[in-house]
Amino acid sequence: MSNIPNKSLLPNLPAELLTGVVCKCDLKDVAHMKGTCKCIKNVCDPPPVQKHLLQSLDVTRAPNITPYDRLDSLLPDQMCSKFAEAVGSSHRWLMSGKDKRYAQEASLRITPHTQFNHGGSDEKYVFMRPRLLPGGHYALLVNRRDLQLWSLEHSTCVWVAKPPHTYNLRNCDTFDFELLQDGKFLIIAAGFSNPTSRSVCVYKFDFESRNGTCVFKCGIPYSSAPPQLMVRGKLVMSFVSRGNQINLFNWKKSEAVILDYDHVNVGLSGRAPTRRFGGHGFKPHPDHVFINHHIVTALRVGTSDIMLAAISVSSLDGKWTNVQIRNWTEWKHAVYSFSRENGAENRDVLCLTLPRGDGRHMILELHSILGMHRMLGMHAFTPAWYPKTKTENTAEIFVAAYEILEDKTAYLVSYRVQLSGRKVVATSDIAWHLSLIAQDRAAMSTIPQPSLYGSVYNISNSGSMFSRIGPEVHCHQLFCKDQQPVGYGRIPSSARDADRELVVMSVEPVSGAVLIVSQGLLRVARFGS
């Protein structure tokens, strides 16, 4: 019998080999290895290794890295912290049926704040739409008909968006934002309205000078319901949920175009949950997202399948109208008709039938697993922790739906889709593709519910879908086969005041922090095991 020493051979390997072993290990194993001995810990901790580990994280373990964070500028301790948090938080909610601890990270008293009577009662409730900016230092919200930017650190309102006097509009009822130039500037798209008209304004806010200016304003077609807004780069997209028209603006060039969808054999995919599962006739999640210079729209095919159609913004060249033409009825239109390509061998990836087939349009069909789909929501983002070459050409799209069988059993159905581009050597152009990466289903006892007056659904970059039911925050986890919801976060009575007063909730998708607003008090909270 050979004499095998008790001492482990792994720490005795050359540093180069040991580093290679660490980089090939599973992320959970790396976290455990760091606690075995000082030698292995020293190999795991250097910035190049930590950077490699962060970049190898999958979207289900999305780290808290904002779009303007640079991995090379993070300190080793910061990299270790973000890596450990990402690995640990991916399992935080996967303890089905168990309450999670409520941990309040920040609170902000909004004074004065909007109050109104709810249901004819004498009680007063706050009405806001809060959004937490990546990094957690600022929050945007609608309060007293104004769009306000608040500093959570100093508990002060630092800026109020001034509506355009040209259109005689006062009430802000929708907005979206994007951080630019490493987080130094904030671009905000805001919608204002009065009983007969609507407009969209774009503001540029400088955090250093704390000054915001209106850089674009334009009237849009009137709708009784507030439109959904998305701002990405120089483009702003405006649409009404379940509508068949999109208004697209280039705020830098003061141009606009209207996209019309021809739904001859295709319908919109949004549906409300049935009353058997607590549906109350609320509006479905928006059917459009804007990512990587593409408009991605969710449509219904027949009675069961969901179809994603990606349209390149470059296909709209020559169709833009200068918005100095204030009458939007004179703007140019782009009409799109959707149908299957005749003779297509691959039914999963379809082509968009257009008079001019230029390869800048794609369709991906998501087939129903059990029966009829009902759309819950869509979320799209660019993973900021991926290597730069991959980040520029890869976008993640999450699609959440549910199906109810004849026996009233409900299932959460989730799809992970990638919009990716590859450079064509001959032309130096980028050829884009929609591809289905993962598809899962799980039985669920409750269907995610929207906030009463806020974002309809709240999906984080790691695939967690948060919703409020009474005094609890429920978490449904996409790409997970466990019974849904996977966890319940119970809000203490001291924090929620009363069940009915918890009227608004939203989620910051990068960090997964939950925003809760009631009676003029905004709270940033997390729920952990």
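Mentor: A residue counts as buried under 20% relative accessible area, exposed over 50%, and partly exposed in between. Keep in mind that this model is predicted.

Trainee: Why is C157 called partly exposed?

Mentor: C157 has 32% relative accessibility. That value lies between 20% and 50%, so the label is partly exposed.

Trainee: What makes C201 buried?

Mentor: The relative accessible area of C201 is 0%. The limit is under 20%, so C201 is buried.

Trainee: How do you know that C201 is in no disulfide?

Mentor: Look at the nearest cysteine sulfur, which belongs to C214. That sulfur is 4.6 Å away. A disulfide needs two sulfur atoms within 2.5 Å, so C201 has no such partner. By this rule, the model has zero disulfides.

Trainee: Now the sheet. What makes β8 and β11 edge strands?

Mentor: The sheet is open, with four antiparallel strands in the order β8-β9-β10-β11. β8 (171–180) and β11 (211–220) each have a single partner strand, so one side of each lacks a neighbour in the sheet. From one strand to the next, the twist averages 20 degrees.

Trainee: How do you know that β10 and β11 pair?

Mentor: Pairing takes at least two bridges. β10 (residues 198–206) and β11 are joined by nine, so they pair, and they run antiparallel. One example is S199, whose bridge partner in β11 is G219.

Trainee: Last one. Why can V21 be part of a nonpolar surface patch?

Mentor: Patch residues need over 30% relative accessible area. V21 has 32%, so V21 passes that cut-off. V21 lies in helix α1 (residues 15–24). Together, L13, L17 and V21 make a patch of about 220 Å².

Definitions and conventions. Residues are numbered from 1 along each chain as its sequence is written. This is a predicted model: local features need pLDDT of at least 70, side-chain atom pairs count only at pLDDT 80 or more; totals for chains, interfaces and linings use all residues. Side-chain values use heavy atoms; hydrogens and water are left out. Patches are made of residues with over 30% relative accessible area and no salt bridge: like charges are joined within 9 Å, nonpolar side chains (Val, Leu, Ile, Met, Phe, Trp, Tyr) within 5 Å. Accessible areas come from the Shrake-Rupley method with a 1.4 Å probe; for residues, only the protein chains shown count as cover. A salt bridge is a side-chain nitrogen of Lys or Arg within 4 Å of a carboxyl oxygen of Asp or Glu. Helices (H or I, at least four residues) and strands (E, at least two) are DSSP runs, numbered from the N terminus. Buried means under 20% relative accessible area, exposed over 50%, partly exposed in between (1.4 Å probe, protein chains only). Axes are lines fitted to C-alpha atoms, for helices over the stretch in contact, and angles run from 0 to 180 degrees between N-to-C directions.
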